[in-house]
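I opened this notebook to keep track of what I looked up, entry by entry. I begin with the wording I rely on and then go from the whole chain to single residues.

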Amino acid sequence: MTEQTLSYATPSPRPAARLAPAVWIAIVGLALIGFGGCFLIGIMMNVSSGFIPGNNPPASMTPRLVIFLIVMYAATLGCFGGALLLVGKGVRALFAML
């Protein structure tokens with residue numbers, strides 16, 4: 001018995017990958033890098049004199065300040081980790097179109 005193919009039973013071609021979603025994923029990843037930088041600036045403002053010369057740094061690290069800094073560092077790590085993931089996926093999708 002010979003194998004016959006049916007013209008109507010062939011799989012339809014896959015649509016081409018789209019450029020816009022990959023670009024937006026990469027842009028959102030870059031925005032997360034900016035948010036992580038903002039969190040780091042907030043940490044710096046709390047543990048040093050900030051960006052104002054002559055301003056005195058905080059006298060002591062209270063437990064409330066330590067908890068706040070831990071939360072800020074966790075948010076920073078989350079932003080940078082998410083940015084790494086999104087930028088990686090966006091760039092990989094963009095390279096797949098080449």
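Entry 1, a term before anything else. I take contact to mean heavy atoms within 4.5 Å, and I call a residue buried when its relative accessible area is under 20%. With those words fixed, I noted that the buried residues of α1 pack against α2. I also wrote down at the start that this is a predicted model.

Entry 2, the whole protein. I looked up the secondary structure and found two helices and zero strands. I then checked the overall form: the C-alpha trace spans about 90 × 25 × 15 Å along its principal axes. The radius of gyration is 25 Å, whereas a compact globule of 98 residues would have one near 13 Å. Buried residues make up 14% of the 98 residues, and the protein exposes about 7900 Å², of which carbon and sulfur atoms supply 72%. I looked at the contacts as well: among those between residues at least 6 apart in sequence, 71% join residues at least 24 apart.

Entry 3, the lengths of the helices. I asked myself whether the end-to-end distance of each helix agrees or disagrees with the span expected at 1.5 Å a residue. For α1, the 29 residues should span 42 Å, and because the end C-alpha atoms are 43 Å apart, I recorded agreement. For α2, which runs over residues 63–96 and has 34 residues, the expected span is 50 Å and the end C-alpha atoms are 49 Å apart, so I recorded agreement there too.

Entry 4, the buried side of each helix. In α1, I listed Ala-22, Ala-26, Gly-29, Gly-36, Gly-42 and Ile-43 as buried. In α2, the buried residues are Leu-65, Leu-69, Met-72, Thr-76, Cys-79, Ala-83 and Gly-90. I then looked up what lies over this second set, and the cover includes α1, residues 19–47; in the other direction, the buried residues of α1 pack against α2.

Entry 5, Thr-76. Is Thr-76 buried or exposed? I found Thr-76 in helix α2, and Thr-76 counts as buried because its relative accessible area is 4%, under the 20% cut-off. Leaving aside its neighbours within four places in sequence, Thr-76 is in contact with Gly-36, Phe-39, Leu-40 and Ile-43. I noted that Gly-36 and Ile-43 are themselves listed among the buried residues of α1.

Entry 6, Cys-79. I went on to Cys-79, which also lies in helix α2, and which counts as buried at 11% relative accessibility. Apart from neighbours within four places in sequence, the contacts of Cys-79 are Leu-32, Phe-35, Gly-36 and Phe-39. I noticed that Gly-36 and Phe-39 appear both here and in the contacts of Thr-76. I also looked up a pair distance: Cys-79 and Ala-31 are 48 residues apart in sequence and 9.1 Å apart in space, C-alpha to C-alpha.

Entry 7, two partly exposed residues of α2. Gly-81 is in helix α2 and is partly exposed, with a relative accessible area of 36%. From Gly-81 to Leu-32 I noted 49 residues in sequence and 9.0 Å in space, C-alpha to C-alpha. Val-91 has its place in helix α2 as well and is partly exposed, with a relative accessible area of 33%. The C-alpha atoms of Val-91 and Ile-25 are separated by 8.6 Å, although these residues are 66 apart along the chain.

Entry 8, a nonpolar patch. Which residues form a nonpolar patch on the surface? I found Leu-30, Ile-33, Leu-40, Tyr-73 and Phe-80, with about 460 Å² of accessible area together. The elements that give two or more residues to the patch are α1 and α2, and α1 gives the most, with three residues. I looked more closely at Ile-33, found in helix α1, and recorded Ile-33 as partly exposed, with a relative accessible area of 40%.

Entry 9, the loop. My last stop was Ala-59, in the loop between α1 and α2. Ala-59 counts as exposed at 86% relative accessibility. I noted that its C-alpha atom and that of Val-47, 12 residues apart along the chain, are separated by 9.5 Å.

Note on methods:
Residues are numbered from 1 along each chain as its sequence is written. This is a predicted model: local features need pLDDT of at least 70, side-chain atom pairs count only at pLDDT 80 or more; totals for chains, interfaces and linings use all residues. Side-chain values use heavy atoms; hydrogens and water are left out. The expected span of a helix is 1.5 Å times one less than its number of residues. Buried means under 20% relative accessible area, exposed over 50%, partly exposed in between (1.4 Å probe, protein chains only). The radius of gyration is taken over C-alpha atoms; the globule rule is 2.2 Å times the number of residues to the power 0.38. Accessible areas come from the Shrake-Rupley method with a 1.4 Å probe; for residues, only the protein chains shown count as cover. Patches are made of residues with over 30% relative accessible area and no salt bridge: like charges are joined within 9 Å, nonpolar side chains (Val, Leu, Ile, Met, Phe, Trp, Tyr) within 5 Å. A salt bridge is a side-chain nitrogen of Lys or Arg within 4 Å of a carboxyl oxygen of Asp or Glu.
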